[in-house]
Amino acid sequence: VVSLSAQSSSMNTLGERYARLVLAMGQHDTDYVDAYYGPPEWRKEAEAAKLPLEEIATRAAALARDLAAAAPPSSAEEMVRLRHAYVSRQLDALGARASMLQGTRLRFDEESKALYDAVAPMHTAAEFAQVLAALEVKLPGQGPLVQRYDQFRSRFIIPKERLDATFKAAIEGCRSRTLKQITLPAGETFTVECVTGKSWSGYNWYQGNYHSLIQVNTDLPIYIDRAIDLACHEGYPGHHVYNVLLEKNLVRDRGW
């Protein structure tokens, strides 16, 4: 019989191996690591060693075997079982990414399943036609539907000089509603930064110590509904809250 403390110690060791492999992957794929607040020396070691992709794949396969052997019993606490399943699935994704960087080509659904454990839902042409027909009724007028839709949406573009105030208001609204449902640690906060030249419209870079940097791409028009979407998705109760709670409940409280 393995004690809970021994199981936790074993998973911490396996988790460290996983974290180091992710940092090693980040040397080949600069977008792979978007949040790291562990020991600085681990990152420095990854930068100095720069493991070949083949070695990363080999170590990932060995770690997968060790993880399987360390599976907690069904009687274990749910969080312990979830931890094991989570690390195992993340490791699968790391192995898939290593394979892709070595030339493996996957179909779209295969890639999303391998990397994110999700497959996009399928919609028929009839379903899209139904939506378009509804929009035709709601947006009467002359010209193609897409043109009428763009004209309608243009009324809701946030002027650049009002972006900062709009985002602050959206964030505060989302935060106040989130706090009614979720207890967050004191001092949690994030900074909003407007950027250009990005392939995404918004992104959360978790910094550790309950702080996030949220960047908003201002190259594209930002609509009023997008302000709420970004505040929710990147902030409250989205990525920022998710990462804050991971750090509070798992890293600090449990020592994982």
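A residue counts as buried under 20% relative accessible area, as exposed over 50%, and as partly exposed in between. Phe156 has a relative accessible area of 35%, so Phe156 is partly exposed. The model is predicted, and every value here is computed from it.

Begin with the overall layout. The protein has 10 helices and three strands. Read from the N terminus, the order of elements is α-α-α-α-α-α-α-α-β-β-β-α-α. Eight helices thus precede the three strands, and two helices follow them. The C-alpha trace spans about 70 × 45 × 40 Å along its principal axes. Of the 256 residues in the protein, 32% are buried.

Return to Phe156. This residue sits in the loop between helix H7 (145–153) and helix H8 (163–179). Phe156 also belongs to a nonpolar patch on the surface, together with Phe152 and Ile224. Together, the three residues have about 250 Å² of accessible area.

Next comes the open space. Rolling a probe the size of a water molecule over the atoms shows where empty space is left. The largest pocket holds about 2000 Å³ of space. Its lining takes in 44 residues. Those that lie nearest the centre of the pocket are Tyr18, Ala35, Tyr86, Gln90 and Leu246.

Which elements each supply at least two residues of the pocket lining? Five are helices: H1 (4–25), H4 (78–101), H5 (108–116), H9 (224–235) and H10 (239–252). Strand E2 (202–208) does so too. H4 gives the most, with nine residues. By class, the pocket lining has 26 nonpolar residues. Nine polar and nine charged residues make up the rest of the pocket lining.

Now the enclosed space. How many cavities of 30 Å³ or more does a search of the whole structure find? The search finds one. The largest cavity contains about 60 Å³ of space. Helix H8, strand E1 (189–195), strand E3 (211–217) and helix H9 each supply at least two residues of the cavity lining. The lining residues include Phe167, Ile171, Phe190 and Val192. Ile214, Gln215 and Val216 are also among them, as are Leu230, Ala231 and Glu234. By class, the cavity lining has eight nonpolar residues, one polar and one charged. Helix H9 appears in both lists: H9 supplies at least two residues to the pocket lining, and at least two to the cavity lining.

Charge pairs come next. Side chains of opposite charge can pair when their charged atoms come close. A search of the whole structure finds 15 salt bridges. One of them joins Glu45 and Arg20, whose closest N and O atoms are 2.5 Å apart. Glu45 lies in helix H2 (residues 40–49) and Arg20 in helix H1, so this pair ties together parts that are 25 residues apart in sequence. Buried or exposed, or in between: where do these two residues fall? Glu45 has a relative accessible area of 41%, so Glu45 is partly exposed. Arg20, at 30% relative accessibility, counts as partly exposed as well.

Helix H9 holds another bridge. Asp229 pairs with Arg226, and their closest N and O atoms are 2.3 Å apart. Both residues lie in H9, three residues apart, which is about one turn of the helix. Asp229 counts as partly exposed, at 35% relative accessibility. Arg226 is also partly exposed, at 23%.

A further bridge links Lys113 and Asp117, with the closest N and O atoms 2.9 Å apart. Lys113 is partly exposed, because its relative accessible area is 42%. Asp117 counts as partly exposed at 38% relative accessibility. This pair is part of a network of salt bridges, which links Arg89, Asp92, Lys113 and Asp117.

One contact along the chain closes the tour. Ser10 is found in helix H1. Ser10 is partly exposed, with a relative accessible area of 32%. Along the chain, Ser10 and Asp66 are 56 residues apart. Their C-alpha atoms are separated by 10.0 Å.

Definitions and conventions:
Residues numbered from 1 in each chain as written. Predicted model: local features only at pLDDT ≥ 70, side-chain atom pairs only at ≥ 80, totals over all residues. Heavy atoms only, no water. Patch = residues over 30% accessible without salt bridge, like charges linked within 9 Å, V, L, I, M, F, W, Y side chains within 5 Å. Areas by Shrake-Rupley, 256 points an atom, 1.4 Å probe, with all protein chains shown as cover. Salt bridge = Lys/Arg side-chain N within 4 Å of Asp/Glu carboxyl O. Helix = DSSP H or I, 4+ residues; strand = E, 2+ residues; numbered from the N terminus. Buried < 20%, exposed > 50% of the residue type's maximum accessible area, 1.4 Å probe, protein only. 1 Å grid on protein atoms, 1.4 Å probe; cavity = no way out; pocket = protein on both sides within 12 Å on 5 of 7 lines; lining within 4 Å. Points joined across faces, edges and corners; volume = space filled by probe spheres on them. Nonpolar A, V, L, I, M, F, W, Y, C, P; charged D, E, K, R; others polar.
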